[in-house]
Amino acid sequence: MNSITNNTMLVKQMNQEKVRQALMAMRTATKAMVAQATSLSIATCNHILNELLDAGEVLEVALDDSKGGRPAKMYQYNMHHSYIIAATVKTEAGSRSLTYAIANMAGEIVDQGYEEHNRIDPALIDRVIERLILQYPQIRAVGIGVPGAVDQGVINVSDIPELINVPLEAFIRDKHKVEVILENDMNLTVYGFYHKQGYDEKQTVAVVTFIDGSLPGAGMMVDGRIHRGFTRFAGEIAFLPLGISQEAQFQQLHDRKTFHVLAAHSVASLIAILNPETIALTGSLVQPDDVNIIRQECLKYIPEMHMPQMILLEHPDQDYMYGLIARTLESLAYSLELVEKGK
C-alpha cells in the first residue's frame, strides 16, 4: 500500500472520528449540524453518516421539525455499538484487588466486577481482559490503572513487584488488537475528581493518599492537565527527602502519634511547589478530623494566604474509576491524532 493510499485512509479515519465525536457530543443532529460542528462538507458528512449507519454505529431517529418541505433526517450515535474495559488495580493492607467496569461510549457502566487475589501479575490481568473481550466482542479499548509510576506503557515503580518492568500496555494492545492505556492510579483519581467538580476555568488541584500498608502518593492536575513529569515520576511523594528512610517513613505514617506531622511535611511540599487551589486528602489512614490537624501543621511552614482549600475525599475509588473511564474513552479519539502527527 503506497503513501498516497495510506494518507487517504488516514484522512478518512480522521473525518470519521470527527463525525463520531460531534454526534456523541450533540446526542442527535442533522447532517447539516454535523457539518457545521466538524467543518466538513455536507457531502462528506452524508457519506460518512451513511457508512456509520450501515455499520450500526449510527441510528436514524425521529425526523427534525420542518418549517416546510422535506424534513431533515436526524442521526444519533449508538452508544452501545462499542464498549471499553476499565480495570483498576489496588493494594491495601496486604490485600490486592482488581475492579473492572464495562462502559459504553457515553461512559455508562453496563457491567462491573470485583476480584481479590493473593497475587496480581500480567498473566492475571490478561486473563480477565481476555474473558471480558470474549463476553463483549464490541470492546474497542482497555484502560488499566495501577499503583506506581508508568513511563511509556511500562511500570517502573510499584507496590506490586510482579508488574514492574513488564511492557503490559504493548502486550495487551498487540494480543487483543485494541487501544490500550496504562496509567498511574493517583493520576486517574485526581483526573476523575477534577472533572467531577466541573471547574469553569483550568485549575491546579492535587489528591494525596495515605493508605494502610503502603507509602503515600499524589496525583496532580496543573492548569487543567495531568502533571506527570519528564519520566512520569511526578507524584511519587514517598521519595521526598524527609531526612528519614522509607522504612522509617512507613512506620511513622502508620503510627497515630507521628502521622500528622509527617503527612503535613509531604502536603506542605506540594503546596510550596504547586500552589494548588485544592488539596484532597484520602486513604484509609486519614480520618475526618485529620484534615484540619494536617492543615494546622502545614500553617507552620506555609503562609495562610497561600494555603489551598483542604478537603477529605471520601470515595476515591469512584473518582479512580470515573477518571479511568474518561481517559480510556478519550484514547479512542486521540489515537488517530497521534498517528497523523507521526508520534
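Select glutamine 152 first, in the loop between β8 (148-151) and β9 (154-158) of this predicted model. Glutamine 152 is exposed, at 74% relative accessibility. Its phi is near 55 degrees, a positive value in a residue other than glycine.

Next, select arginine 27, in the loop between α1 (3-26) and β1 (28-29). Here too the residue is not a glycine, and phi is positive, at about 70 degrees. Arginine 27 is partly exposed, with a relative accessible area of 46%.

**The pair of helices α8 and α9**

Display α8 (residues 256-274) and α9 (residues 290-298) together. How close do the axes of α8 and α9 come, and at what angle do they cross? The axes come within 8 Å, and the crossing angle is roughly 60 degrees. The arrangement of α8 relative to α9 is therefore oblique. In handedness, the crossing of α8 past α9 is right-handed.

To see the contact, select on α8 the residues Arg256, Phe259, His260, Val261, Ala263, Ala264, Val267, Ala268 and Ile271. On α9, add Asp290, Ile293, Ile294, Glu297 and Cys298. By character, the residues of this contact comprise 10 nonpolar, one polar and three charged.

Stay at this contact and show the side chains of aspartate 290 and arginine 256. They form a salt bridge, with the closest N and O atoms 2.8 Å apart. Aspartate 290 lies in α9 and arginine 256 in α8, so the salt bridge ties together parts that are 34 residues apart in sequence. Is aspartate 290 buried or exposed? Aspartate 290 is buried, with a relative accessible area of 1%; since buried means under 20%, this value falls within that class. Its partner, arginine 256, is partly exposed at 38% relative accessibility.

**Salt bridges involving helix α10**

Move to helix α10 (residues 316-340) and select aspartate 317, together with lysine 90 in strand β4 (residues 83-92). The two side chains form a salt bridge, and the closest N and O atoms are 3.1 Å apart. This pair links distant parts of the chain, the two residues being 227 residues apart. Aspartate 317 is partly exposed, with a relative accessible area of 42%. Lysine 90 is also partly exposed, with a relative accessible area of 22%.

Remain on α10 and select arginine 327 and glutamate 330. Both residues lie in α10, three residues apart, which is about one turn of the helix. Their side chains meet in a salt bridge, at 3.2 Å from N to O. Arginine 327 counts as buried, at 11% relative accessibility. Glutamate 330, by contrast, counts as partly exposed, at 29% relative accessibility.

**A network to finish**

Which residues are linked with Arg96 in a network of salt bridges? Select Arg119, Asp121 and Glu162 along with Arg96 to display the network. Side chains of opposite charge can pair when their charged atoms come close. For the model as a whole, the count comes to 20 salt bridges. Among them are the pairs visited on this tour: aspartate 290 with arginine 256, aspartate 317 with lysine 90, and arginine 327 with glutamate 330.

Note on methods
Residues numbered from 1 in each chain as written. Predicted model: local features only at pLDDT ≥ 70, side-chain atom pairs only at ≥ 80, totals over all residues. Heavy atoms only, no water. Salt bridge = Lys/Arg side-chain N within 4 Å of Asp/Glu carboxyl O. Helix = DSSP H or I, 4+ residues; strand = E, 2+ residues; numbered from the N terminus. Buried < 20%, exposed > 50% of the residue type's maximum accessible area, 1.4 Å probe, protein only. Axes fitted to C-alpha atoms, helices over the stretch in contact; angles between N-to-C directions. Parallel < 35°, antiparallel > 145°, perpendicular 65-115°, else oblique. Left-handed = near helix turned anticlockwise from the far one by under 90°. Contact = heavy atoms within 4.5 Å. Nonpolar A, V, L, I, M, F, W, Y, C, P; charged D, E, K, R; others polar.
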